[in-house]
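Please find below a colleague's note on the structure, set out as numbered points for discussion.

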Amino acid sequence: MELQRAETLGISQEDELNGWTDWRETPPAEFAVIGDPVAHSLSPRMHRAAIRSLGWTYHYRAIRVPESEFGLAIDWLTRLGFRGLNVTLPLKEQAFRWADTLDEPTHRLGVANTLCLLTGRGTNTDAPGFMDVLLGAGLGPGSSILLLGAGGTARALAKVLVEAGHQVSIWNRTASKALVLAASVGAVTVREATAAGFAAIVNATAAGLAGESPPIDWSGSSKGTVVIDAGYADEPTPFVREARQRGLMAIDGRPLLLAQGVRSFEWWHGIEAPRLAMSSAIGLMPCAG
Ligand code: NDP
């Protein structure tokens with residue numbers, strides 16, 4: 001009965017049945033997203049939709065890889081025949097160090113979110129994907145941006161934003177990490193996250209995974225402030241909810257998921273990604289991606 005319901009919703013039996021597995025227990029497949037946690041990831045749904053729409057028979061899985069087991073897990077997955085991996089938190093810096101070959105922009109970012117196990121190559125599709133999202137949100141050059149977080153994703157976003165000429169202020173729960181990141185990319189830090197004076201506020205923390213929003217003082221935000229959460233969930237994230245309650249236009253991480261996923265797909269396969277199948281699978285209207 002459950003499967004019938006899933007099919008009615010357009011979700012395949014494989015989507016419904018395959019949640020995630022630990023790396024030691026995964027069945028063989030060709031592609032996967034790895035991270036810890038990984039259960040929240042919509043990458044399997046999106047990439048499986050792409051694979052299906054092309055009539056291919058590849059499998060894409062969600063695999064939990066604890067930070068301390070990264071090297072062992074990659075060796076095992078390579079032996080199992082995996083070809084390509086998307087990498088989510090907290091493994092992006094390790095993915096960068098694992099790769100034998102990186103393109104020049106990724107080399108400058110210091111974090112990788114997409115790997116090719118066949119060649120040892122790595123790339124970062126979050127950073128250019130995020131710039132697509134910013135462009136779609138209508139943010140002009142030289143904008144003042146408050147970036148929340150100092151993990152792997154924040155690192156890539158901070159770097160690409162500064163390189164694009166934006167003025168970036170970084171807040172992080174652990175202030176020392178914000179200082180290190182800001183110094184390495186040419187940004188500044190703030191002790192308190194206050195919306196006033198910023199054209200855009202970007203949440204690149206993992207707070208949403210704990211059902212929380214990073215602490216932010218929304219007073220002083222203006223109607224035009226662009227609010228972007230890298231996180232996503234079936235319901236609006238706490239950060240998006242807070243912003244919308246204050247009348248701000250806020251988007252969750254699905255447009256970023258699509259933008260980086262399209263680039264990963266094209267990097268692995270060398271053909272144009274089936275964008276419509278991918279966006280529909282994660283509940284995005286084509287105009288939102
Ligand atoms: P990391 O584990 O590298 O970094 C986590 C960051 O979140 C750190 O800055 C950490 O702060 C902060 N943090 C964790 N919990 C909390 C909390 N409860 N309150 C405030 N801050 C917190 O993760 P990533 O940088 O790789 O990912 C960050 C988020 O971005 C994740 O939710 C991920 O899913 C999302 N993401 C989404 C993408 C998409 O396609 N939509 C693409 C990339 C990322 P501290 O240093 O103090 O520990």
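The points below cover the ligand site, one helix and two loops of this predicted model.

1. Position of the ligand. Residues from domain 1 (13-124 + 258-281) and from domain 2 (128-252) both enter the shell around the ligand, so the ligand lies between the two domains. The shell comprises 25 residues, the closest being Thr-153, Asn-172, Thr-174, Ala-206 and Gly-253. Sorted by class, there are 10 nonpolar, 10 polar and 5 charged residues.

2. Polar contacts to the ligand. Two side chains may be inspected here: an N or O atom in the side chain of Arg-173 is 2.9 Å from a ligand oxygen, and a polar side-chain atom of Lys-177 is 3.1 Å from an oxygen atom of the ligand. The backbone also takes part, with a polar backbone atom of Ala-206 placed 2.8 Å from a ligand oxygen. The ligand taken alone exposes 940 Å², and the protein buries 88% of that area.

3. Elements around the ligand. Two elements, α8 (152-163) and α11 (254-269), give two or more residues each to the shell. Of the elements, α11 gives the most, with 3 residues.

4. Geometry and burial of α11. The 16 residues of α11, at 1.5 Å a residue, should span 22 Å; the C-alpha atoms at its ends are 22 Å apart, so the expected and modelled spans agree. Its buried residues include Pro-255, Leu-256, Leu-257 and Leu-258, and further along the helix Phe-265 and Trp-268. After the helix comes Gly-270, with a positive phi near 70°. By way of background, most residues other than glycine have a negative phi.

5. The loop between β2 and α3. Both Ser-41 and Pro-37 are found in this loop, which connects β2 (31-35) to α3 (43-53). Is Ser-41 buried or exposed? Its relative accessibility is 13%, under the 20% cut-off, so Ser-41 counts as buried. The side chain of Ser-41 reaches the backbone nitrogen of Ser-43 at 3.1 Å. Earlier in the loop, the peptide bond joining Asp-36 and Pro-37 is cis, with omega about 10°.

6. The loop between β4 and α5. Where does Pro-90 lie? Pro-90 is in the loop between β4 (84-87) and α5 (92-98). A cis peptide bond links Leu-89 to Pro-90, with omega about -5°. In general, most peptide bonds are trans.

Terms used:
Residues are numbered from 1 along each chain as its sequence is written. This is a predicted model: local features need pLDDT of at least 70, side-chain atom pairs count only at pLDDT 80 or more; totals for chains, interfaces and linings use all residues. Side-chain values use heavy atoms; hydrogens and water are left out. A residue is near a molecule or strand if one of its heavy atoms lies within 4 Å of it. A polar contact is a pair of N or O atoms within 3.5 Å; within protein, one must be able to donate a hydrogen and the other to accept it, and residues adjacent in sequence count only if both atoms are side-chain atoms. Accessible areas come from the Shrake-Rupley method with a 1.4 Å probe; for residues, only the protein chains shown count as cover. Helices (H or I, at least four residues) and strands (E, at least two) are DSSP runs, numbered from the N terminus. Ala, Val, Leu, Ile, Met, Phe, Trp, Tyr, Cys and Pro count as nonpolar, Asp, Glu, Lys and Arg as charged, and the others, Gly among them, as polar. Domain bounds come from an automatic or database domain assignment. The expected span of a helix is 1.5 Å times one less than its number of residues. Buried means under 20% relative accessible area, exposed over 50%, partly exposed in between (1.4 Å probe, protein chains only).
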